[in-house]
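Hi everyone, thanks for coming. Please bring up the model on your screens, and I'll walk you through a few places in it.

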Amino acid sequence: MGKHTQNCTLIGKGVYGTIGVDQRSRLADGAHFHTMIVTSTLEASVIEGDKLVIKSGIVRCDGDIRVSGISGSGDIEVGGDIICDEVTFTGKLRCNGDIVCSGNLSVNGSLQDTRHISGQTVHLNGVLKGHDINSRALEVHPLRSTMFSRFDMDGYEDGSTVRHITAVTVEANHLQCQTLTADSAMLRNGSAVESATCATAIGIDRTSSVLLVNGDCQRIHLKTA
């Protein structure tokens, strides 16, 4: 399948069924796969295929990742965009471009540096650092797991920061945001929004704040967890 080049296995261009990456490898441009299982380190300029499965592995892609699904755990660094149907991932996902997900995006850990995130539902347990989010439902919760501290994976205690949010429903904890537009939004655990526009309802606990509320929505006082 591949050849060794300076302690790195080169996966040449072509169409593959299943590719197993169990040692440091480089994916050539023009390689397309049905399933790629990464248990070591994969480097690429672009990644194109169907299912990208990461099992405690590392994926570094300089350009875009275009796949149907991303799943598993580990570390993903993307210089370009991620275009996919669905993401279910645990660990660190750093994307310098956009994440365009036609289905659901779920990350346990950290999702950082993304310019724009779009998906049906965006569910984040941990830390979110981004610019714009557009989704039907957005949920941001603190990470309730000792797994990351055990493996010296720091940075998961920080709050989440997003510049602009547009969603139908928002449920957020420990979130800092400039502008939020939603049908309904529930803000807890030290969340702070500069300007919120809600059509139906906005809920705020005693630890959270919204400087400006637009729209004729119901105000709800939430209990602090």
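Let's start with T114, which sits in strand β13, the stretch covering residues 104–141. This is a predicted model, so please keep that in mind throughout. Is T114 buried or exposed? T114 has a relative accessible area of 1%, and because the cut-off for buried is under 20%, T114 counts as buried. Who are its partners, once we set aside neighbours within four places in sequence? T114 is in contact with C95, G97, D98 and I99, and also with K129, G130 and H131.

Right beside it in the numbering is D113, also found in strand β13. Here the backbone is worth a look: phi of D113 is near 70°, a positive value in a residue that is not glycine. D113 is partly exposed, at 32% relative accessibility.

There is another residue of this kind, H174. You'll find H174 in the loop between β14 and β15. Its phi is positive too, about 55°, although H174 is not a glycine. With 37% relative accessibility, H174 counts as partly exposed.

Now let's go inside. The largest nonpolar core has 56 residues. Which of them touch the most other members? They are I47, I65, L93 and L180. The largest share of this core comes from β13, which gives 10 residues.

Let's zoom in on I47. Not counting residues up to four places away in sequence, I47 touches L27, F33, L42, V59, C61, D64, I65, R66 and V67. You'll notice I65 in that list, and I65 is one of the core residues I just named for touching the most other members.

A charged residue next: E43. Its place is in strand β6, residues 41–44. Where would you put E43, buried or exposed? At 16% relative accessibility, E43 counts as buried. Its side chain makes a polar contact of 3.3 Å with the side chain of R24. R24 also turns up among the contacts of E43 beyond four places in sequence, together with S25, R26, L27 and R60. So if you have E43 on screen, turn the view until you can see R24 as well.

Let's move to T88, found in strand β11, residues 86–95. T88 is partly exposed, with 43% relative accessibility. How far apart are T88 and S71 in space? Along the sequence they are 17 residues apart, and their C-alpha atoms are 4.8 Å apart. S71 is also one of the residues that T88 touches, leaving out those up to four places away in sequence; the others are I70, G72 and S106.

Our next stop is S102, in the loop between β12, residues 98–101, and β13. S102 has a relative accessible area of 48% and is partly exposed. Which side chain does S102 meet in a polar contact? That would be D85, at 3.0 Å. D85 is among the residues S102 touches outside the four-place window, along with C84 and Q120. Look at G119 too: S102 and G119 are 17 residues apart along the chain, and their C-alpha atoms are separated by 5.6 Å.

Last topic: empty space. Rolling a probe the size of a water molecule over the atoms shows where such space is left. The largest pocket holds about 150 Å³. Which strands each supply at least two residues of its lining? They are β14 (160–173), β15 (175–188), β16 (192–205) and β17 (209–214). The lining residues are G130, T161, V162, R163, Q176, C177, Q178, A192, V193, E194, S209 and L211. By class, that makes 5 nonpolar, 5 polar and 2 charged residues. You may remember G130 from the start, as a contact of T114.

Let's finish on one lining residue, S209, which belongs to strand β17. At 36% relative accessibility, S209 is partly exposed. S209 touches S191, A192, V193 and I204, not counting residues up to four places away in sequence. Two of these, A192 and V193, are in the pocket lining as well. And for a last distance, the C-alpha atoms of S209 and T179 are separated by 13 Å, with their positions 30 residues apart along the chain.

That's the tour. Thanks for listening, and I'm happy to go back to any of these places.

Technical notes: Residues numbered from 1 in each chain as written. Predicted model: local features only at pLDDT ≥ 70, side-chain atom pairs only at ≥ 80, totals over all residues. Heavy atoms only, no water. Helix = DSSP H or I, 4+ residues; strand = E, 2+ residues; numbered from the N terminus. Buried < 20%, exposed > 50% of the residue type's maximum accessible area, 1.4 Å probe, protein only. Contact = heavy atoms within 4.5 Å. Core = buried A, V, L, I, M, F, W, Y, C linked by side-chain atoms within 4.5 Å. 1 Å grid on protein atoms, 1.4 Å probe; cavity = no way out; pocket = protein on both sides within 12 Å on 5 of 7 lines; lining within 4 Å. Points joined across faces, edges and corners; volume = space filled by probe spheres on them. Nonpolar A, V, L, I, M, F, W, Y, C, P; charged D, E, K, R; others polar. Polar contact = N/O pair within 3.5 Å; in protein donor to acceptor, adjacent residues only side chain to side chain.
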